[in-house]
Amino acid sequence: MEEKRIEGLWDCVYCGRTGIKARFGECISCGRARGIETVFYLPDDLDAATLTSEEKAQTTNEPDWLCEYCGAYNKSTATCCDKCAGDRESSKSNYGMLHKLTGKLFGKNR
Ligand SMILES: [Zn+2]
Ligand SMILES: [Zn+2]
């Protein structure tokens, strides 16, 4: 059975934009970083949200991490912050929490 990876969605609490894809760490309308308390949900159309094999190859099951210095989201593969070059080590405490919240981690067999 092939594992599907569904991309979750989140809503911006600042400007009210809804349905932002999990791949975006910042709101596509107002540009603010999503908060650590952001709740992800599954889209109605699961087929459309299923990542292609190319997209799957670009994502991992590792959690994204949040920079403690500037609050930017960074991919699991980044060793220092994309924005301010802050050290990933300092943000270690965030890993577990973000792992649970990261929408792209939803795997579904059907
Ligand atoms: Zn926004
Ligand atoms: Zn940073």
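A residue counts as buried under 20% relative accessible area, as exposed over 50%, and as partly exposed in between. The exercises below apply this and a few other cut-offs to a predicted model.

**Exercise 1. Identify the protein donors of the zinc ion (ligand 1), and work out which geometry their angles give.**

Step 1. The donors of the zinc ion (ligand 1) are the SG atoms of C12, C15, C27 and C30, which lie 2.3 Å from the ion.

Step 2. Four donors count as tetrahedral if all angles lie between 85 and 135 degrees. The angles among the four donor atoms of this site run from 103 to 117 degrees, and the site of the zinc ion (ligand 1) is accordingly tetrahedral.

Step 3. Along the sequence, the donor residues of the zinc ion (ligand 1) follow the spacing C-x2-C-x11-C-x2-C. Within this pattern, C15 belongs to the loop between β2 (9-10) and β3 (20-21), while C27 belongs to the loop between β3 and α1 (46-49), so the pair ties together parts that are twelve residues apart in sequence.

Step 4. C15, with a relative accessibility of 39%, counts as partly exposed, whereas C27, at 5%, counts as buried.

**Exercise 2. Carry out the analysis for the zinc ion (ligand 2): which residues coordinate it, and how are they spaced in sequence?**

Step 1. Coordination of the zinc ion (ligand 2) comes from C67, C70, C81 and C84, each through SG, at 2.3 Å.

Step 2. Because the four donor atoms subtend angles of 104 to 114 degrees around the zinc ion (ligand 2), the arrangement is tetrahedral.

Step 3. The spacing of the donor residues of the zinc ion (ligand 2) in sequence is C-x2-C-x10-C-x2-C. Here C70 is found in the loop between β4 (65-66) and β5 (73-74), and C81 in the loop between β5 and α3 (95-101), so the pair ties together parts that are eleven residues apart in sequence.

Step 4. The relative accessibility of C70 is 38%, which places C70 among partly exposed residues, while C81 is buried with a relative accessible area of 4%.

**Exercise 3. Decide how many disulfides the model contains, and examine C80 as a test case.**

Step 1. The rule asks for a pair of cysteine sulfur atoms within 2.5 Å, and by this rule the count is zero disulfides.

Step 2. C80 illustrates the result: the nearest cysteine sulfur belongs to C81 and is 7.4 Å away, and C80 is in no disulfide.

Step 3. With a relative accessible area of 35%, C80 is partly exposed.

**Exercise 4. Find out how many salt bridges the whole structure holds, and say which parts of the chain each one ties together.**

Step 1. Side chains of opposite charge can pair when their charged atoms come close. The cut-off for a salt bridge is a side-chain nitrogen of Lys or Arg within 4 Å of a carboxyl oxygen of Asp or Glu, and a search of the whole structure yields two salt bridges.

Step 2. One of them joins the side chains of R23 and E7, with an N to O distance of 2.8 Å. R23 sits in the loop between β3 and α1 and E7 in the loop between β1 (4-6) and β2, so this pair ties together parts that are 16 residues apart in sequence. R23 is partly exposed, at 39% relative accessible area, but E7 is buried, at 4%.

Step 3. K83 also forms a salt bridge, with E26, and the closest N and O atoms are 2.1 Å apart. K83 lies in the loop between β5 and α3 and E26 in the loop between β3 and α1, so the pair ties together parts that are 57 residues apart in sequence. K83 is exposed, with a relative accessible area of 55%, and E26 is partly exposed, with 28%.

**Exercise 5. Describe the backbone of A85 and say where this residue lies.**

Step 1. Most residues other than glycine have a negative phi.

Step 2. A85, although not a glycine, has a positive phi of about 65 degrees.

Step 3. A85 is placed in the loop between β5 and α3, and its relative accessibility of 52% makes A85 count as exposed.

**Exercise 6. Look for contacts that involve aromatic rings: how many aromatic pairs are there, and what sits over the ring of Y14?**

Step 1. A search of the whole structure gives zero aromatic pairs.

Step 2. The ring of Y14 nevertheless has the charged end of R32 over it, 4.4 Å from the ring centre.

Definitions and conventions:
Residues are numbered from 1 along each chain as its sequence is written. Chains are lettered from A and ligands numbered from 1 in the order in which they are written. This is a predicted model: local features need pLDDT of at least 70, side-chain atom pairs count only at pLDDT 80 or more; totals for chains, interfaces and linings use all residues. Side-chain values use heavy atoms; hydrogens and water are left out. Donors are N, O and S atoms within 2.8 Å of the metal (3.2 Å for Na, K and Ca); water is not among the atoms, so sites may look incomplete. Four donors count as tetrahedral if all angles lie between 85 and 135 degrees; four count as square planar and six as octahedral if opposite donors are over 155 degrees apart and all others between 65 and 115; anything else is irregular. Helices (H or I, at least four residues) and strands (E, at least two) are DSSP runs, numbered from the N terminus. Buried means under 20% relative accessible area, exposed over 50%, partly exposed in between (1.4 Å probe, protein chains only). Rings of Phe, Tyr and Trp (its six-membered ring) pair if their centres lie within 6.5 Å; planes under 30 degrees apart count as stacked, over 60 as edge-to-face and the rest as tilted. A charge sits over a ring if NZ of Lys or CZ of Arg is within 6 Å of the ring centre and within 35 degrees of the ring normal.
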